[in-house]
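Student: I would like to learn how to read a protein model feature by feature. Where do we begin?

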Amino acid sequence: MLMQLRLPAWLSVCFLLPLIAMGQHANTLSYSPTQSTEELSAVRISDAPTVDGRLTDACWATATGVFEGFFTQSSPDNGSPATQRSRVQVIYTDFAVYIGAKLYDASPDSILRELGLRDEEGKNTDLFAVGFDTYLNRQNAFVFQVSAAGVQTDIYVTPDDEDPNWNAVWRSGVTLDEDGWNVEMEIPYSAIRFPKEEVQTWGINFMRRIQRLQEEAYWHPVDPNINGLVNQFGTLTGIQDVKPPVRLQFTPYVSGYLVKDDEGSDWTQSVNGGMDLKYGINESFTLDVTLIPDFGQVVADDIVFNLSPFEVRFDENRPFFTEGTELFNRGDLFYSRRVGRAYGILGEVYGNEEIIDAPNDAPLINAAKLSGRTNGGLGIGFFNAVTNQTYATVEDTLTKTQREVLADPLTNFNVFVLDQNLKNNSKIAFINTNVTRWDGGRDANVTGTDFSFFDKKNTFNVNGSAAVSQIMTLNEDTGERELDLGYRYRLEVAKVSGRLQYGLERLVESHNYNSNDMGFLRAANEVSHQLEVSYRKNEPGKILNRYWMEVEVKYVQLHLPRVYNDWGIEYNADLTFKNFWNSGFGAGVNPSVTDDHFEARTGTRVFKKPASYNIYAWGGTDRRKRFYTSISTGFWERPEWNQFDNWFSMRPRYRFSNKFSIQHRLNLNWRRRELGFTTKLYTPTDELQAIIIGKRFITTATNVLSGNYTFNEYMGLNLRLRHYWSKVQYVDFFELDESGYLQETDYQGIEPDGTPAHNTNFNAWNIDCVYTWQFAPGSTMSLVWKNVIYTNDADTSPDFFTNLGNTLQSPATNSISLRILYFLDYLQVKRMFK
């Protein structure tokens, strides 16, 4: 469906013309690395090697263009030669680029090789990686990494982030011998994008990690004191007369489910089928489509009991929405969890009716994304998704008759992005998001820009963003649509390289700015200024390998009315010791009264909160050891209210072998005598009578037990068990007066039957047990068991173990699912039948 722009014509032109002009003249832009670059030459071969990690094929022995020597350390001893020699070379055919690496090690028996599943980071293993900057823009790179245990990881690197959700299909082999370990990689041209030119010149770098030494070294030096990674790549030459291939890939799937909702129900069954399609429109752009997607095996959200006035942000775990979306993540305008989220109740519910069943999700019909970047550095992204109608069930409280009312209308979600790379690793982007709802639903359109400009030495940076939101709602009285126009902008000037770094930022969000139909914004109506100063040292000393410290000062006002909100100072420090233990500490203070304009849930009422301060610390042991743990603790106090909060968390992990490890995460939080919004009281004529603030004690405990057993680099079993418990006990109530202060009230918070009206005992229990087998490149089979329990009542008397027992006896939802996904590549199939 077509994107609907509702910007004034002159504003659209102002946004688009500079970007179009830059795109047309992009080929004239030069890209300047921050330092001189080393070169490595690739050699064409006629017969491809066997990718088994042995490096015994004749092509490796006869090819020129070899680097052999010592990489340069990035850590722990930045700038020093690596402790072990490495030999790397690049060869290529008409089908793929091949990497051969001989990673010498004086102690081959000490090479660490913990197994893990594909793309699983944080394992105790040596690593080797190659990164290709195929457009030589010194900003973006395709990174392919393999561990000494043979486990693959692929990452797409941008100036802002590293995207581990990007996936490609490629082959690798690893062997160990008396000299160290060996790596072979086959990177098909279909796995990357590169310009359609006779002679290719790419950026390239190799990384080697020696885990037992915590040493990370690069072929072309990467200095952590210099901002950026890809701008510190070397250059690859010698590749010529290769053509961008036809990139056409299909991934059909079939899945089956057995579901039991509670103890009294029967098992239900269902079978689903669908397909993902990836098509390279040309050498630069790729179309991704998902048809009848199935996200039933996605890991459960970490549900929490939320008493704040702000929305909780959940991670995106659905594969189609995590892979290849870096181009769309600009200015917090695209929060993919909005796609498929329940909208609310659009149909009319009468006074004597109540909603007895409402949908949580809107089914996704299809989704597509088109993305890529031209040889001139212009990135173009287009995303579109359609969700179907849903209905809620309402019941007449008098007649007990039920009927269905429209909840979610048919909805179209759309994102359009232009992102232009500029010289000196700078960039500027244009973003538009649009949500169109049928049947009288609210429409939303947000248009913005995002930019970042560096000086020639990559030392100073000016970055910022701006956006205009347009919300169209239906006036039921007039039948006309009404427009609400809001805006935001952010501007920062910063020093981003060197030991001493600093930045000054200004943020303005109008009171009616709203990007939440497609983006994520906890609250608008803000004018803030923030100063950050940090100092870091990445070179080892007598006691420390590296450290950094930071001071932040922030002053916040409302946009409308322009009144004071809050100000504070925060200090943080992080230390890594020579034995690779780490620790850190911090403190913050809000030294004066905070005017909280959100807690009362009424835009015109402020809640004045006295000064507060907090102190915290954390630490961790050596991750290389079998047993590792991290601990953090701290407290927060508001003395005038005698409010005292403290927390403790611990993450012990034990590695039984290279195949089996378990980890436990414990978070404990105690909030004592917290004062927060409880309810509103109304007169018989529905006029606001009082805003009630409650004094409460909140105890929250989160336990997450994770275990994984990896059979080999293609097959593994993962278990994740999470129990979240939050207990809220109210001890007193106050009325919030119009000046923002608390007054005595007769309100007791008691139900007619004598039970507390607001006490809460909330539990969330989740088990995700996943068996995964990658039976062919890009093809997987997964068997998943899920167990889900949610409880919410007012009985806060049980202790932890009694509460846990009660929770486990509550009705649970169980599901068992099997999903088989098969990867088909047009070129691979074509080669098979030659």
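**Cavities first**

Tutor: This is a predicted model. Start with the residues that line the second largest cavity: Arg 330, Gly 331, Leu 333, Ile 431, Gly 448, Thr 449, Asp 450, Ser 465, Ala 466, Ala 467, Arg 488 and Tyr 513.

Student: Which strands each supply at least two residues of that lining?

Tutor: Strand 25 (443-454) and strand 26 (460-474) each do so.

Student: How does the lining of the second largest cavity divide by class?

Tutor: Five of its residues are nonpolar, four are polar and three are charged. The volume of this second largest cavity is about 50 Å³.

Student: How is empty space found in general?

Tutor: A probe the size of a water molecule is rolled over the atoms, and this shows where space is left empty. Here the count is four cavities of 30 Å³ or more.

Student: What is the volume of the largest cavity, and which residues lie nearest its centre?

Tutor: The largest cavity holds about 80 Å³ of space. Its lining has 13 residues, and Arg 338, Arg 341, Tyr 343, Phe 413 and Arg 437 lie nearest the centre. By class, the lining of the largest cavity has five nonpolar, three polar and five charged residues.

Student: Now the overall fold. How many helices and strands are there in the protein?

Tutor: The protein has five helices and 47 strands. Its radius of gyration is 29 Å, close to the 28 Å that the globule rule gives for 834 residues, so the protein is as compact as a globular protein of that length. The C-alpha trace spans about 90 × 60 × 60 Å along the principal axes.

Student: What share of the residues counts as buried?

Tutor: Of the 834 residues, 50% count as buried. Then look at sequence separation. Take the contacts between residues at least 6 apart in sequence: 64% of them join residues at least 24 apart.

Student: Let us take one helix. Which residues of helix 4 are buried?

Tutor: In helix 4 (residues 800-808), they are Asn 803, Leu 804 and Thr 807. These residues cover an arc of only 100° around the axis, which puts them on the same side of helix 4.

Student: What do the buried residues of helix 4 pack against?

Tutor: They pack against three strands: strand 42 (715-736), strand 44 (760-776) and strand 45 (779-793).

Student: Strand 45 also holds Lys 786. Is Lys 786 buried or exposed?

Tutor: Lys 786 is buried, as its relative accessible area is 10% and the cut-off for buried is under 20%.

Student: Which residues does Lys 786 touch, leaving out those up to four places away in sequence?

Tutor: Lys 786 touches Gly 296, Gln 297, Val 298, Val 299 and Ala 300 among others. Its contacts also include Ile 767, Asp 768, Thr 813, Asn 814 and Ser 815. Lys 786 and Val 299 are 487 residues apart in sequence, yet their C-alpha atoms are 8.8 Å apart in space.

Student: Give me a second residue to set beside it. Where is Asn 165?

Tutor: Asn 165 sits in the loop between strand 9 (162-163) and strand 10 (171-177). With a relative accessible area of 35%, Asn 165 is partly exposed. Leaving out residues up to four places away in sequence, Asn 165 touches Thr 322 and Glu 323. Asn 165 and Leu 491 are 326 residues apart in sequence, and 29 Å separates their C-alpha atoms.

Student: Next, the backbone. What values do most residues and peptide bonds take?

Tutor: Most residues other than glycine have a negative phi, and most peptide bonds are trans. Now turn to the cases that depart from this. A cis peptide bond joins Ser 75 and Pro 76, with omega about 0°. Pro 76 is in the loop between strand 3 (66-75) and strand 4 (81-92).

Student: What joins Leu 560 and Pro 561?

Tutor: A cis peptide bond, with omega about -5°. Pro 561 is in the loop between strand 30 (544-557) and strand 31 (564-577).

Student: And what is the phi of Asn 425?

Tutor: Asn 425 is not a glycine, but its phi is positive, about 60°. Asn 425 lies in the loop between strand 23 (411-422) and strand 24 (426-437). At 9% relative accessibility, Asn 425 counts as buried.

Student: Where does Asn 525 lie?

Tutor: Asn 525 is in the loop between strand 28 (500-509) and strand 29 (526-537). Its phi is positive, near 60°. Asn 525 counts as buried, at 14% relative accessibility.

Conventions: Residues numbered from 1 in each chain as written. Predicted model: local features only at pLDDT ≥ 70, side-chain atom pairs only at ≥ 80, totals over all residues. Heavy atoms only, no water. Buried < 20%, exposed > 50% of the residue type's maximum accessible area, 1.4 Å probe, protein only. Helix = DSSP H or I, 4+ residues; strand = E, 2+ residues; numbered from the N terminus. Arc of directions from axis to C-beta. Contact = heavy atoms within 4.5 Å. 1 Å grid on protein atoms, 1.4 Å probe; cavity = no way out; pocket = protein on both sides within 12 Å on 5 of 7 lines; lining within 4 Å. Points joined across faces, edges and corners; volume = space filled by probe spheres on them. Nonpolar A, V, L, I, M, F, W, Y, C, P; charged D, E, K, R; others polar. Rg over C-alpha atoms; globule rule 2.2 N^0.38 Å.
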